[in-house]
Amino acid sequence: MIKLPDSRITALVATTTCLNLALFSGDSQATGPAFDAGIHLIHHQICERAASGARLVTETGWIPELEAGLNQNLPAGTLRAQLSWSDGTLDYNGHTQSGAGFVTQTDQRILRSALTYAAPVTPTIEILLGWVHERRTRRIHGTGGVAGLDESYRQQMASFGVRWLPHAAANAFTARAELFTGISSAQGISSPGLIDPVTVPGNGMWGTRLSARVPAGVLSGGTRAFIAPRLEYRHNARSDTRPFNTRGGLGGIVTQPETTRWLIGAGLELAW
């Protein structure tokens with residue numbers, strides 16, 4: 001059994017409670033759902049650091065992202081379900097275990113799902129509470145006699161934030177700021193012939209995200225278009241050490257270094 005820290009239990013309980021209250025409170029009828037979809041171009045910068053603070057790895061590059069969402073008005077507030085997917089290649093600049101420089105590429109794929117409840121507190125301000133699940137896979141290409149590495153990350157987070165709606169209109173400008181705290185995480189690592197599949201538990205995560213929707217016009221049929229800039233930062237603490245096997249025999253130990261991720265970009269979204 002996995003025992004979560006009290007702060008993470010509190011965050012999870014608070015999020016669940018608020019979602020339940022939103023779903024089952026009030027006497028008015030909820031209207032039908034609204035949909036949106038978008039495509040974004042996001043610049044990724046990932047940095048891994050040793051316990052000493054020295055930089056081990058930097059990965060950078062642009063990756064497209066597809067996103068779709070559903071908004072359901074409730075008797076009190078709004079419930080949003082969202083799914084996003086990105087897949088692309090980053091430039092990898094790091095070191096081998098011997099300390100020699102190692103330059104290659106990394107294939108990265110991210111699938112993220114989220115459920116968010118927005119509770120109005122004033123005509124222009126909403127409080128956001130939610131849950132996020134992210135699955136990220138990373139394949140570091142082997143080259144020049146250096147073996148490649150496959151990694152799979154699973155992260156669950158609670159989210160807290162605020163959304164500003166200065167104008168009461170469906171096609172108006174909005175902005176939001178959110179904080180994330182980790183609920184649970186794990187990383188799978190493998191390298192054919194060198195590292196048999198092993199799982200390393202995460203050891204703490206937090207992040208923040210700023211985003212906006214800027215009206216770009218109304219299309220035929222009433223479909224609304226928006227320009228959507230965003231900025232996101234993630235910090236994952238250094239994990240505990242775990243032993244790994246090589247072809248069934250003990251091969252050594254592995255640790256996920258302290259990792260930071262910056263994501264900045266913009267896209268076009270359509271809502272109807």
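## Overall architecture

Accessible area is computed here by the Shrake-Rupley method with a 1.4 Å probe. By that approach, the protein chain exposes about 14,000 Å², and carbon and sulfur atoms supply 61% of this area. The structure is a predicted model.

The secondary structure of the protein chain consists of one helix and 13 strands. Along the sequence, the elements follow the pattern α-β-β-β-β-β-β-β-β-β-β-β-β-β. The chain has 272 residues, of which 40% count as buried. Among contacts between residues at least 6 apart in sequence, 64% join residues at least 24 apart.

## Strand β10 and its partners

Strand β10 covers residues 224-236, and 10 of its 13 residues are buried, so this strand is largely enclosed by the rest of the structure. Strand β9 (residues 205-218) runs antiparallel to β10, and 11 bridges join the two. Within this pairing, S211 stands opposite R230 in β10. The two strands form a hairpin with five residues between them, and G221 in the turn has a positive phi of about 85 degrees.

Strand β10 also pairs with strand β13 (residues 258-271) in the antiparallel sense, over 13 bridges. Here A228 stands opposite G267 in β13.

## Salt bridges

A search of the whole structure finds 18 salt bridges. One of them joins R138 and E59, with the closest N and O atoms 3.2 Å apart. This pair links distant parts of the chain: R138 lies in strand β5 (residues 125-140) and E59 in strand β2 (residues 55-73), 79 residues apart. R138 is buried, with a relative accessible area of 3%, and E59 is buried with a value of 0%.

A second example is formed by E67 and R230, whose closest N and O atoms are 3.2 Å apart. E67 belongs to strand β2 and R230 to strand β10, 163 residues apart in sequence. Both E67 and R230 are buried. The side chains of D87 and R109 also meet in a salt bridge, at 2.8 Å from N to O. D87 is in strand β3 (residues 78-95) and R109 in strand β4 (residues 101-122), 22 residues apart. D87 counts as partly exposed at 27% relative accessibility, and R109 is partly exposed at 42%. In addition, R112, E134, R209, E232, R234 and R261 are linked in a network of salt bridges.

## The surroundings of E151

E151 lies in strand β6 (residues 149-164). Its relative accessible area is 8%; this residue is therefore buried, since the term applies to values under 20%. The side chain of E151 makes a polar contact of 2.5 Å with that of R138, the residue that also forms a salt bridge with E59. Another polar contact, of 2.4 Å, joins the side chains of E151 and Y153. Beyond its neighbours within four places in sequence, E151 is in contact with R136, T137, R138, Q187, G188, I189 and Q256.

## Strand β1 and the surface

F35 is found in strand β1 (residues 34-49) and is partly exposed, with a relative accessible area of 35%. Residues up to four places away in sequence aside, F35 touches G69, L70, L270, A271 and W272. F35 and A68 are 33 residues apart in sequence, yet their C-alpha atoms are 7.6 Å apart in space.

I39 is also placed in strand β1 and counts as partly exposed at 47% relative accessibility. Together with L66, L83, W85, L111, V214, I227 and L268, I39 forms a nonpolar patch on the surface, with about 680 Å² of accessible area in total.

Note on methods:
Residues are numbered from 1 along each chain as its sequence is written. This is a predicted model: local features need pLDDT of at least 70, side-chain atom pairs count only at pLDDT 80 or more; totals for chains, interfaces and linings use all residues. Side-chain values use heavy atoms; hydrogens and water are left out. Helices (H or I, at least four residues) and strands (E, at least two) are DSSP runs, numbered from the N terminus. Buried means under 20% relative accessible area, exposed over 50%, partly exposed in between (1.4 Å probe, protein chains only). A polar contact is a pair of N or O atoms within 3.5 Å; within protein, one must be able to donate a hydrogen and the other to accept it, and residues adjacent in sequence count only if both atoms are side-chain atoms. Contact means heavy atoms within 4.5 Å. Patches are made of residues with over 30% relative accessible area and no salt bridge: like charges are joined within 9 Å, nonpolar side chains (Val, Leu, Ile, Met, Phe, Trp, Tyr) within 5 Å. A salt bridge is a side-chain nitrogen of Lys or Arg within 4 Å of a carboxyl oxygen of Asp or Glu. Two strands pair if DSSP finds at least two bridges between them.
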